Amino acid sequence: MNKKLMGVGLLLFAVLVLSIPGAVVASDDEYEAYNLTIQPGSNETELNFTWFTATPTDIPQLVVCNEGGLKGGKCTNFASYYKGALRKGNHSKCMNYYEGEYEIVVVEDDTEIYACKVTMTNVKNNTKYTYVVGNGEIFSDIHKFDTQNKNNYNFIFVGDPQIGASRDEESDTAGWVETVTAALTNFENTSFILSAGDQVESSTSDSQYDGFFSPEELTSVPFAPAIGNHDTSELYAYHFNVSNEIVPDGSTDPLGYTNGGGDYWFTYGDTLFMVLNTNNSSALSHDEFMAQAIEANPTAKWRVVVFHHSIYSSARHVDDVNDLRTSMYPVIDQYDIDVVLSGHDHFYARTYQLSGGDVLDKACYTSTGRDGQEQTTCVDLIGEVAEEDLQYIGEGKVLNPEGTVYFTANSASGSKYYDFTYIEGYTNLYLAAYEQLETPTYLNVEVNRSTLTVSAYRVDTGERVDTYSIIKTDDFNRGHHHQGRSSLAKQ
Ligand SMILES: [Fe+2]
């Protein structure tokens, strides 16, 4: 076939395909996007897309179709439709495209890839979207996502998938895929997934990231990551597109920065999420960040803080977070945070409502070290239990509570579990619920105007193992709590 004839053939093919509703355009020249993921945007009207590709991509493009806006059609052939529309210079009403930026990254096998980031704006609630990513010429496979109701929503919280921690990436990946699928099957209208960090064991390992991003659901449900101690690499930062890092005047790094990124915030409906990078141990930096995030969102009904290193847990890392507990506790207390979500200890724990307090005492325990010698380890006690002042209105439900409840998630993949350490005077006084189940779990968090409920689920049986609700009446005001609380530390 000569060139001219081939051109005619292609044209005929295009006309035929475009005239068949719902036909998928096959092309040898496919755009290969991988490790494709969506992060929450600044608020629920934005979404941040991230992907890697080896296909040359000068201007990364995201093409999104609102299915509700397509008359009687589906968006299955919209990539070519979009290109046709572009040529004609008019865009379909239901379709939008967004341009972003890329950076060249040299990955493990020394090949250069394009790490692409694009922000979608004007995202509507309760809407079905279809999308492709590409370079303006060729496009990826077609993906879908549904948006939810921001006023009455749920998100999934996971701890430490840490793909590769068991030294068997395949089984860690299988466990992670199973957890994501179970959580999103059980809660199919989930708005996003929040992770306490340690996405992978080695944050320079391409194969571990491939495992981590292998759940297909991660191309349709936004994923908000905290930076764990295993996530501190530049490669990590290329993989995620987070919103609202805060770079102070005169600095080039955002507050809370270490390799991998800084603190960031986003809102969803009436909730302010502040995700801290506690690899940076400067409480001053996190304090400044939280002050600014709250200043930008003063009326948010709920304040949720997320960071990797749990300061209230009772397994292997119970004592090595003494400094972080001492420095971060007053900051969390100062800003009247409702819920703190963490990981790192690979153990499930929920505290009582904690409020106020100074380091006045220690709880110590003796164990046998690796060298066979007995060793004494102490946990600094800080944070007073507000239990006496709590008004319970049913099992696990508190009304207008003082202080903050802290949750630690266990492993979401099963790659590693840490042994429970009972410490008299700590575990029994601070932790209201705790267990080493030695099976993958996840938390589901339901949020509406009056209630925030956190429940923990086993992946294997689907059983709910714990649930806790905070109910706030409309007249509840923040900051009324510095009075009349019980005093744990002084007992
Ligand atoms: Fe960790």
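Trainee: Before we dig in, what counts as a cavity here?
Mentor: A cavity is a set of grid points where a 1.4 Å probe fits but cannot get out. Keep in mind that we're looking at a predicted model.

Trainee: Okay, how many cavities of 30 Å³ or more turn up in the whole structure?
Mentor: The search finds five of them.

Trainee: And what volume does the largest cavity have?
Mentor: About 190 Å³. It's lined by 21 residues, and the closest to its centre are Leu-47, Thr-147, Ser-191, Pro-222 and Tyr-268.

Trainee: Which strands supply at least two residues of that lining?
Mentor: Strand S8, residues 143–146, and strand S12, residues 264–268. S12 gives the most, with three residues.

Trainee: How does the lining of the largest cavity divide into nonpolar, polar and charged?
Mentor: You get eight nonpolar residues, nine polar and four charged.

Trainee: Switching to pockets: what's the volume of the second largest one?
Mentor: That pocket comes to about 540 Å³. Of its 25 lining residues, Glu-103, Lys-117, Ala-237, Tyr-238 and Phe-240 are the closest to the centre.

Trainee: Which elements give two or more residues to that lining?
Mentor: Three elements do: strand S5 (101–106), strand S6 (112–120) and helix H5 (234–239).

Trainee: And the chemistry of the second largest pocket's lining? What's the split?
Mentor: There, 13 residues are nonpolar, seven are polar and five are charged.

Trainee: New topic, Asp-206. Where does it lie?
Mentor: Asp-206 is in helix H4, which covers residues 206–212.

Trainee: Does Asp-206 count as buried or exposed, and why?
Mentor: Buried, because its relative accessibility is 17% and the cut-off for buried is under 20%.

Trainee: How far is Asp-206 from Leu-235 in space?
Mentor: Their C-alpha atoms are 9.0 Å apart, with the two residues 29 apart in sequence.

Trainee: Last one, the surface. Which residues form the nonpolar patch with about 270 Å² of accessible area?
Mentor: Phe-420, Tyr-422 and Tyr-434, and that area is for the three together.

Trainee: What element is Tyr-434 in?
Mentor: Tyr-434 sits in strand S24, residues 431–435.

Trainee: And how does Tyr-434 count in terms of exposure?
Mentor: Partly exposed, because Tyr-434 has 30% relative accessibility, and that class runs between the 20% and 50% cut-offs.

Key:
Residues are numbered from 1 along each chain as its sequence is written. This is a predicted model: local features need pLDDT of at least 70, side-chain atom pairs count only at pLDDT 80 or more; totals for chains, interfaces and linings use all residues. Side-chain values use heavy atoms; hydrogens and water are left out. Patches are made of residues with over 30% relative accessible area and no salt bridge: like charges are joined within 9 Å, nonpolar side chains (Val, Leu, Ile, Met, Phe, Trp, Tyr) within 5 Å. Accessible areas come from the Shrake-Rupley method with a 1.4 Å probe; for residues, only the protein chains shown count as cover. A salt bridge is a side-chain nitrogen of Lys or Arg within 4 Å of a carboxyl oxygen of Asp or Glu. Helices (H or I, at least four residues) and strands (E, at least two) are DSSP runs, numbered from the N terminus. Buried means under 20% relative accessible area, exposed over 50%, partly exposed in between (1.4 Å probe, protein chains only). On a 1 Å grid over the protein atoms alone, a cavity is a set of points where a 1.4 Å probe fits but cannot get out, and a pocket is an open set with protein on both sides within 12 Å along at least five of seven lines; lining residues have an atom within 4 Å of a point. Grid points are joined across faces, edges and corners, and a volume is the space filled by probe spheres set on the points. Ala, Val, Leu, Ile, Met, Phe, Trp, Tyr, Cys and Pro count as nonpolar, Asp, Glu, Lys and Arg as charged, and the others, Gly among them, as polar.
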